[in-house]
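Notebook open, structure loaded. I want to go through one chain-to-chain interface and then check the cysteines.

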Amino acid sequence: MIELYILLILMIIGAVLALEIKDLLSAVIITGAVGLCLSAAFLLLKAPDLAMTQLIAEIVLVIILVRATISSDSRVEQSKRNHGTFVCVLISLSLFLGASGYVIAKLPIFGKPLMRISRTYLSEALFQTTVSNAVAAITLDYRIFDTFVALVALFTGVIAIMALSGPKSNNSNKK
Amino acid sequence: MKNKPNQQIKSKTGIIDNDQAEQGMSIIVKTVTRLTVGVLFVYGINVALHGHIIPGGGFAGGAIIALSLLNLVLAFGKDAALEKLSQTWAIIFTTLGLLLFMVIGLFGSGNNSILESLFQDKGELLSLLMIGSIPLLNIAVCLQVGAGIFVIFIYLVSLKPEADKS
Amino acid sequence: MIYFLCFILFSIGIYGVLVKRNIIKLIISTMILNYAVYILLVLMGFRWQGQAPVFAADQGIGFMVDPLPQSMVMVSMIVGLAVTALLVAVAMRLYQEFKTFDLKAIIKTKIKNKPETDDNA
């Protein structure tokens, strides 16, 4: 599983770089690289559906973000770091990471999943739903309300974007 | 100081960006896109329809379909893409997907439960044309996700040139 | 150990949300938060020498990875896409009004122009 560690460390390096680099366009591209590493990690973790969906979603997101960034004139982030905030955030994050040790101790050991619910799903899915893809069976049959709420959320997003890009306000016209 | 001349050039040639949104890219890109978009579209439908036997499913298929339409927007410009699938129809497809999802769920409510698979054990195991709710639900999800992402992108594209004008 | 790397990724995302003052950087940090949660959920369902959760004739269910987190992540991926697109739309709208992505500058101009906007409204 050394590949998985390498991919995760690459993701961490990419995340730090994407947040710290000054050029916004480079930051967007590095985020795309992080998402592709995530897609490869899904493939290693035996989740081909997720790898596929993540790949496509990443491409769409990078296209949208690049289109948003490339039109702007101020493409370089100019920010003075507020040292007080920075130190406070670092201290609280190190506390968070220290406390996460307790959480990790409670999680199931890596490689031996806790399959209390999905064991019944797996043993009955083929005969109850006659579907050979277990992920599709769970997404669209056993836990269909989750999917429904997700679709409603996507629809709400579409409506919100339509409302945002509606007729322009008077403010910007006068400027 | 460096920003100012840049801004002026941008506002003068803001038409370039507009032009790119209207007319699209060079002839090479257009030809390659013309060849590949159909394949991509059919591949998306294929992934969505086979979602119950191989990895894939409605989400990935819908996203691939949206990606092919988005490819069309980027290469040929907004208007050429809107000729293939107009904005009204895209919004109709989005709502239709959600509605279809709900209606299929309501049909399953005969077995004293709502949003559950209908015709439960009448399908043939591991076949493409099985009778059940999951392929139909996959189609509904595919419609909704594909048209939804397309609508989002069309609105985001039409947001941009206005910024250059004002 | 491998869970700890996910937590580090998550804390990098929180750091970005708290410290950065540029809208594009904020969107990027929410995306990183999304990724950290996805990879943590899928890691919890992994099994040594596991197989992808697709039924086949020669495959026993004892060797499959956990499909439940995978379906949850698949659903939340689409929601994440919609949310990020919505954030981009908000950012572009703010750019139309204020010609900058910097939140500090936006707040400054907002305070400066406040009587004007009141008159307009």
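I looked for polar contacts across the interface of chain B and chain C, and the rule gave 0 residue pairs with both at pLDDT 80 or more. Worth noting here that this is a predicted model.

Next I tried salt bridges across the interface of chain B and chain C, and that search also came back with 0.

Then I asked which part of chain B supplies the largest share of the side that touches chain C. The answer is helix α7 of chain B, residues 133-165, with 8 residues. I sorted the residues on that side of chain B by type and got 9 nonpolar, 2 polar and 2 charged.

For the area, I have about 1200 Å² buried between chain B and chain C. Carbon and sulfur atoms give 78% of that. On residue counts, chain B puts 13 residues into the contact and chain C puts in 12.

Second entry: cysteines. I ran the disulfide rule over all chains and got 0.

I checked A:Cys37, and it is in no disulfide, because the cut-off between cysteine sulfur atoms is 2.5 Å and the nearest one, that of C:Cys6, sits 13 Å away. From the other end, C:Cys6 is in no disulfide either, and its nearest cysteine sulfur is that of A:Cys37.

Last lookup: are these two cysteines buried or exposed? A:Cys37 has a relative accessible area of 16%, so I logged it as buried. C:Cys6 is at 3% relative accessibility and goes down as buried too.

Methods: Residues are numbered from 1 along each chain as its sequence is written. Chains are lettered from A and ligands numbered from 1 in the order in which they are written. This is a predicted model: local features need pLDDT of at least 70, side-chain atom pairs count only at pLDDT 80 or more; totals for chains, interfaces and linings use all residues. Side-chain values use heavy atoms; hydrogens and water are left out. Contact means heavy atoms within 4.5 Å. Buried area is the accessible area (1.4 Å probe) that two parts lose on being put together, summed over both. A salt bridge is a side-chain nitrogen of Lys or Arg within 4 Å of a carboxyl oxygen of Asp or Glu. A polar contact is a pair of N or O atoms within 3.5 Å; within protein, one must be able to donate a hydrogen and the other to accept it, and residues adjacent in sequence count only if both atoms are side-chain atoms. Helices (H or I, at least four residues) and strands (E, at least two) are DSSP runs, numbered from the N terminus. Ala, Val, Leu, Ile, Met, Phe, Trp, Tyr, Cys and Pro count as nonpolar, Asp, Glu, Lys and Arg as charged, and the others, Gly among them, as polar. Buried means under 20% relative accessible area, exposed over 50%, partly exposed in between (1.4 Å probe, protein chains only).
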